[in-house]
Amino acid sequence: MAIAEQPAAGRVARPRFSAGGVFRTVRHYGIIPGIPLFVLVTLIFVGAFAPLISPHEPNKQSLLDSNVAPAWTAEGTSNNLLGTDRFGRDQLTRIFYGARISLIVSFVTIAIGGAIGTLVGLTAGYFGGWLDSLLMRIVDVFLAFPGLLLAIVLATVFEPSFTIVILVASLLIWPRFARLVRGDTLGIKPNDFVTYARITGTPTPRILMKHIFPNVIPTLLVLCTWEVGAIILLESSLSFLGAGIPPPNPSWGTMVLDGRGQLEEGWWISLFPGLAIMTTVLSLNLLGDWMRDYLDPKLRHA
Amino acid sequence: MDSKPVLQVKDLKVQFATRHGLIKAVDGVTFDLHRGESLGIVGESGSGKSMTSLAVMRLVPPPNGRIVAGEIFLNGENLLKKSNSEMRDIRGGKIAMIFQDPMSSLNPAFTIGNQVGEAVALHQHLRGNELRKKVINALSLVKIPAPETRVKSFPHQMSGGMRQRVVGAIALSCEPEVLIADEPTTSLDVTVQAQYLRLLKEIQEEKQVAIILITHDLGIVARLCHRVAVMYAGRIVEIGSTEQIFDKPSHPYTIALLRSTPKLEGVSRLDSIEGEPPDPSNLPDGCRFAPRCKWAKDKCREAYPPRVQISDGHWADCWFAGDLK
Amino acid sequence: MTPSNALVQLTDVQKHFPIHQGFIIRKETGAVKAVDGVTIAIERGKTFGLVGESGCGKTTMAKLILRIETPTAGTITFDGKDVHKLKGSELRAYRETVQVVFQDPYSSLNPRMRIKEIIEEPLRTDPKFTKEQRKARIEELLKVIGLRPGSATRYPHQFSGGQRQRIAIARALAPSPSFIVLDEPVSSLDVSIRAQLMNLLKDLQREFHLTFLLISHDLAGVRYLADTIGVMYLGKIVESGGSPAVYGKPLHPYTHALLSNAMPSHPNAPRTEVILTGEVPSPINIPTGCRFHPRCPKVMPHCSKIEPQLQEAEPGHWVACHLYGDTNGAPTPKETAHATATSTAAGNAR
């Protein structure tokens, strides 16, 4: 018998996703994943180490220093690089801490909403039949939910809080996960490796976790990236409407709200948190798009 | 068969630039095709047989693929010198193609009358009743029953064999001089495949169209083709009339292929070809089949063998062609 | 049809998939009769080749044997035990004894698992194996199928189609089965690789005393591997017997057509070509009487009325056709009918 062991002709080894370092990635794959990835790494770094790198306390008020302009303007001081708000709080520090809040809200929401959605999607797609119909109708109902309104109602009935933001965001994102994962599951289920697992009597939970879930991961990665952007935007919107993260916590949305009344005398108060929101969400969307294109052709063959 | 070939391909080279290096998909392919003749190009996946046919249509997928050398003459005119718009007229006009999968060659949203008509309208500038007549003619040429009513059918209302006939009708509707059929029957069942091959043969005899049949199945070639070109790793390693190839295969790959194919009459043990085809981005020096060839000598691994004439019109690329047992 | 040493015995097996229609009140409006009364016996240590065109029910038969589907009627026994009544440890034993190799080695191996995990999969729940024994078994199997031991830690995409199919075979061999269903095992592979795999299967059969059910549309390949042939048409076996007999002297007009349509091994091979008209009808509307009669070149008036039963036309050679025997008031046997008849002579086929 021959040892048939040459590399497969023309088949390209699938590069696996590893923390290969930002620079190597940029050199290898070009600028599009590079810049967004850089932004996100920065964001995570800033969020994680906010207390260590911030020049000031985020909530320390100092009325003497209120409405200080950014450092490069004529009225600015080097003490407050991006200026201060009307309570004299340092904008840069608050943006750093705001990143932290955005990250916490995103991760908790993705963990809750993503897990529920994935589970529902796997179940619906794998079992099919009436269970699938039932679960997908529930998904449809939740997709029709006016999330912002719900949050405002909840925030009026109760106090605005982290819990409400996370609850509302989770309610909004789980059906999107469910739908996408179901679609992928439907595509993976007819594969013979799933049939084989059934033939050998593999218990259903193991089939789901060992054979189907790992093949959904690429899609999930893409969706998570997009959804983190959506969640940050939602959290900011809620905070801007006063139904989100309660003050004095430095959410980016709250910061934009704070500056709203004084756009003329203190343009920087709204501008910089606004830019932070935009850059972050844009980076996440670009990265998600890139990941989709990058992972997709390989996924086809699974 | 007249002496001047309809199609001449000379030293054609197609390459792909990939992250993993340069892939020489077609590496110096030369053949002629005469009117009324059918040439079978036989090879495995990756041998370059499909890429050769795409190159003839100038459809090598951009941006990575490129025809880097060679000449393709259709009735003496070099296709590689044609402009893109001239090529568009030739494709589907003088050279037509039938692909493997009838389901993806047909658009599910249009009736078959529409799809056959589109080709005719584009190349022959016909309209109205004339167009309709032409479409029905094309459908009856491929023996689709009741073509007058069938023009209103959608692809999903037809069986696989009928769909592949529609694809054939589209290809033949503009009376091409060269028909390229890329594994036209692979997706069909045995009995339907036989019907289709019979049909192709009849149409060819009637219309005297020149056919290039691309396949991995030597049996189909034996049934349909006058001549055979055997491709391996981007080159034609042996070419000759079908009888010559089957009676006196002279390249070790052809010999091995014939010996490793099971027969209806039964054989006690197949002589299998060991190993796998070479990586196209890393072709061996010398003869590309040498690593799998049981007759290979040092010479084979050092230099690519010359083209040896076995008999009239029968050539093989092998240092030992004609002396192999 | 019941040799004494049958390992797998199917008796009058049916599988009908009901078709429901209606939006709120769903009514059963018909059925896809994928398998419609099949009786076959697969002998121990032999290869049974099941031949037929797409939609004839051959893959559903495999699924019934592999317990992915439950038969609508009839019984399937393995070693004398009813396969669909197995429970507990007997069921677990059955799942190890009966294995499968699928057609498409891209779909049959989980792209996210390493080769060792894939081969280990059928052994995972087997208490007979310790972790070390499983590891040793994987190495042994890789050697048996001709892959390097280092392959164990790689992923499927790093292998070619032929190598993947070898891995699928290794997985099937892992629990030391006695019966393997081979569903078109080589038809997705390149021509030069097919012979390697077919020889490998032959060697494995001899070495491990395996029984094979080979499902295929490639008549020449089945001829090479199978000892007994069953020809299936629209859910029924129309002819079965030893492979030299069926190939040498096909009795049923359908078998005859299939063989004459198979690709010749030489351009000048003498043969009569029977070109059937039309295609296989839908298994929802099976023709009355003999299900082959609308396409049969030798159709007789009563063929559309009376369904012929499988009968032993010659010792060990069974056929369901009114041309042979007179079980249903059909004419007397015409043994040489297939040689004369309406077929088109196409000796030099170009």
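Where in chain B is B:His125 found? Follow chain B to the loop between helix 4 (112-124) and helix 5 (128-141), and there you will meet B:His125. Before going further, please keep in mind that this is a predicted model.

Let us stay with this residue for a moment. Most residues other than glycine have a negative phi. B:His125 is not a glycine, yet its phi is positive, at about 50°. Is B:His125 buried or exposed? Its relative accessibility is 65%, and because anything over 50% counts as exposed, B:His125 is exposed.

Chain C offers a partner for this example. C:Leu234 also has a positive phi, near 50°, in a residue other than glycine. Its place is the loop between strand 9 (228-233) and strand 10 (236-242) of chain C. Here the relative accessible area is 1%, so C:Leu234 is buried. Another positive phi, of about 65°, belongs to C:Arg67, just after helix 1 of chain C.

That brings us to helix 1 of chain C itself, which spans residues 58-65. How many of its 8 residues are buried? The count is 6, which leaves the helix mostly covered. The buried ones are C:Lys58, C:Thr60, C:Met61, C:Ala62, C:Leu64 and C:Ile65. As you look at them, a general point about helices may help: an α-helix has 3.6 residues a turn, so residues three or four places apart point the same way.

Now turn to the place where two chains meet. Chain C and chain B bury about 4000 Å² between them, and 52% of that area is on carbon and sulfur atoms. Chain C brings 47 residues to the contact, while chain B brings 49. Between the two chains you can find 3 salt bridges. In a salt bridge between B:Arg198 and C:Glu273, the closest N and O atoms are 2.7 Å apart. There are also 23 residue pairs in polar contact between chain C and chain B, counting pairs with both residues at pLDDT 80 or more.

Which elements give two or more residues to the side of chain C that touches chain B? They are helix 5 (161-173), helix 6 (191-208), helix 7 (219-225) and helix 9 (253-261) of chain C. Helix 6 of chain C supplies the largest share of this side, with 11 residues. Sorted by class, the side of chain C that touches chain B holds 18 nonpolar, 17 polar and 12 charged residues.

Back in chain B, look for B:Ser38 in strand 3 (residues 38-42). With a relative accessible area of 0%, B:Ser38 is buried. What surrounds this serine? Leaving aside neighbours within four places in sequence, B:Ser38 is in contact with B:Gln204, B:Ile211, B:Leu224, B:Cys225, B:His226 and B:Arg227. One of these, B:Leu224, has its backbone oxygen 3.0 Å from a polar atom of the side chain of B:Ser38.

Finally, let us visit chain A. It has 11 helices and 0 strands. Of its 302 residues, 49% are buried. Among contacts in chain A with a separation of 6 or more, 71% join residues 24 or more positions apart. Chain A exposes about 14600 Å², with carbon and sulfur atoms supplying 68% of that area.

Methods:
Residues numbered from 1 in each chain as written. Chains lettered and ligands numbered in written order. Predicted model: local features only at pLDDT ≥ 70, side-chain atom pairs only at ≥ 80, totals over all residues. Heavy atoms only, no water. Helix = DSSP H or I, 4+ residues; strand = E, 2+ residues; numbered from the N terminus. Buried < 20%, exposed > 50% of the residue type's maximum accessible area, 1.4 Å probe, protein only. Contact = heavy atoms within 4.5 Å. Areas by Shrake-Rupley, 256 points an atom, 1.4 Å probe, with all protein chains shown as cover. Buried area = accessible area lost by both parts, 1.4 Å probe. Salt bridge = Lys/Arg side-chain N within 4 Å of Asp/Glu carboxyl O. Polar contact = N/O pair within 3.5 Å; in protein donor to acceptor, adjacent residues only side chain to side chain. Nonpolar A, V, L, I, M, F, W, Y, C, P; charged D, E, K, R; others polar.
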